[in-house]
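Biologist: I am new to protein models, so please be gentle. Please take a close look with me at the surroundings of the ligand, and then show me how they fit into the rest of the chain.

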Amino acid sequence: MFTKVLIANRGEIALRILRACKELGIQTVAVHSVVDADAMHVRLADESVCIGPNPASESYLNIPSILAACEITGADAVHPGYGFLSENARFARILGEHKITFIGPSARHIEIMGDKIEAKKTAIELGIPCVPGSEGEVPTLEEARRIGREIGYPVLVKAASGGGGRGMKLASDDADMENAWSTARSEAKAAFGDDAVYIEKYLTKPRHIEIQVMGDGRGHAVHLGDRDCSLQRRHQKIWEEATAPSLSAKQRDEIGMIVANAMKKLEYSGAGTIEFLYEDGEFYFIEMNTRLQVEHPVTERITNVDIVYEQIRVAAGEELRLKQEEITFWGHAIEIRINAEDPRTFTPSPGKITYYPPAGGVGVRVDSAVYQGYAVPPYYDSLIGKLIAHGRDRKECLQRLRRAVDEFIVDGIKTTLPLFQDLLEEPDILSGDYDIHWLEKYLAEHHA
Ligand code: MV4
């Protein structure tokens, strides 16, 4: 096992990782920007190193600085959390060259899944169902139109280096394709320095359902069930649930086994998420995330698996203790993301928290690293906490969630908590009847 883990992140996830390290008896190193000197994870870590000025590009994304912090403290592993360097293959490779373990999958697997064309080819080879579309890159307009006609319009032109919604253009016919294809290419070139694009049939009203996996890199892998993350605004999730309300146990088992077997063949190591669009009873692979995700607690809650603890064990070369037949899904969990933002305009609302009694009680978990007197800095994303409710079924989970949202107080800054009070009155939310467009439509009608 590692003796010292450096946590290359901030906020609630840094604290989450620190907790897992403490339980494993591993010493912890916090790294932080100037403004984060009084953060919770810095206070609770055994050691801390200031790695640079406030902009993330100069601190949490500063590879030389983080390497120096490893050197100074003698850390033998780095946990990258999510965002920042978590899916940076070059970072994973550099750490390896310095005999420091990157707590995550191999640099090769990060690279494959970072290229959406490679990811899709790999998924097809592994027997994962995909959205109908081009076989790889579409280099000419003529070919783009041929594929559009072949699979049937409307189609999406997507950037190979994109993902998370960046660099997508809709084409509804041959005439439309010229504009979609060329703007997708030039935007991809400008944003990622890579103009490769591919084409997919446009699914009009899917849900976003993802499968959590864990592998040991030696051919043992399991799935931990699914999450529905359809409620998104501008490709930012705000509400996630496990299990997905629209799936039967049989469907869950089927897609879960397809994905687990694929990860065995790939010899995938660590935690990962396979993202699907789900429409009319069919799953269509879109992307794989090779990191721990923000919404991992809903899966932890219904499976009783500590995903971060297992990630660290596997990275240290221990075998995966999880056996598929022992993984069961009990009850229902929902996570809501509490952001320091105006609940109507979503404008960031940094500043000092003057009063902070978080929700608690039966069936409630709060993952947060803020406290009364803490000042939310303006430099990073606005997530200040996650509220996770659990119950024997979705109905009990929703009751507890509503009770917890009502008692959660954050004074001094604006938060998205009032949005969730409103959502918890919506019949479609209460019945679980929503797709990826539901939230944007709701906000246009109710929050304009
Ligand atoms: C799609 C799609 C419809 N059809 N692909 C957006 C983010 C990126 N991960 C993939 N995205 C989409 N891909 C096909 N073939 C619709 C979306 C999409 C979306 C997906 C998940 C959650 C929210 C979304 C909001 C708008 C569009």
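Modeller: Happy to! Helices (H or I, at least four residues) and strands (E, at least two) are DSSP runs, numbered from the N terminus. This is a predicted model, where local features need pLDDT of at least 70, side-chain atom pairs count only at pLDDT 80 or more, and totals for chains, interfaces and linings use all residues. Residues are numbered from 1 along each chain as its sequence is written, and side-chain values use heavy atoms, with hydrogens and water left out.

Let's start at the ligand. There are 18 residues around the ligand (each with a heavy atom within 4 Å of it). Those that come nearest are K158, E200, K201, L203 and E287. Some of them make polar contacts, meaning pairs of N or O atoms within 3.5 Å. The side chain of K158 brings an N or O atom to 2.9 Å from a nitrogen atom of the ligand. E200 also uses its side chain, placing a polar atom 3.0 Å from a ligand nitrogen. K201 does this with its backbone: a polar backbone atom is 2.7 Å from a nitrogen atom of the ligand. On its own, the ligand would expose 520 Å², and the protein buries 92% of that (Shrake-Rupley areas, 1.4 Å probe).

Which elements line this place? Two or more shell residues come from each of β6 (155-163), β8 (197-201), β12 (269-279) and β13 (282-289). Sorted by class, the shell holds eight nonpolar, five polar and five charged residues; Asp, Glu, Lys and Arg count as charged, Ala, Val, Leu, Ile, Met, Phe, Trp, Tyr, Cys and Pro as nonpolar, and the others, Gly among them, as polar.

Now zoom out. The domain assignment, which is automatic or from a database, gives domain 1 (4-103), domain 2 (132-201) and domain 3 (207-446). The ligand lies between domain 2 and domain 3, because both give residues to the shell around it. As for domain 1 and domain 2, their C-alpha centres are 37 Å apart.

Close to the start of β6 in the sequence, have a look at P154, which sits in the loop between α7 (141-151) and β6. The peptide bond joining Y153 and P154 is cis, with omega about 0 degrees. A cis bond also joins A242 and T243, again with omega about 0 degrees, and T243 belongs to the loop between β11 (236-242) and α9 (249-266).

Next, follow β12 and β13 into their sheet. Strands pair if DSSP finds at least two bridges between them. Here eight strands make an open, antiparallel sheet in the order β13-β12-β9-β10-β11-β14-β18-β16. β13 and β16 (364-368) are the edge strands with a single partner each, so each has one side without a neighbour in the sheet. Further in, β9 (207-216) and β10 (221-233) pair antiparallel over six bridges, and M214 stands opposite V222 in β10.

Another open sheet has five strands with parallel pairing, in the order β3-β2-β1-β4-β5. Its edges are β3 (47-52) and β5 (101-102), each with a single partner strand, so one side of each is left without a neighbour in the sheet. Inside it, β1 (4-7) and β4 (77-79) run parallel and are joined by three bridges, with L6 opposite V78. Finally, find K99 in the loop between α4 (89-97) and β5: its phi is near 60 degrees, a positive value in a residue other than glycine.

Technical notes: Polar contact = N/O pair within 3.5 Å; in protein donor to acceptor, adjacent residues only side chain to side chain.
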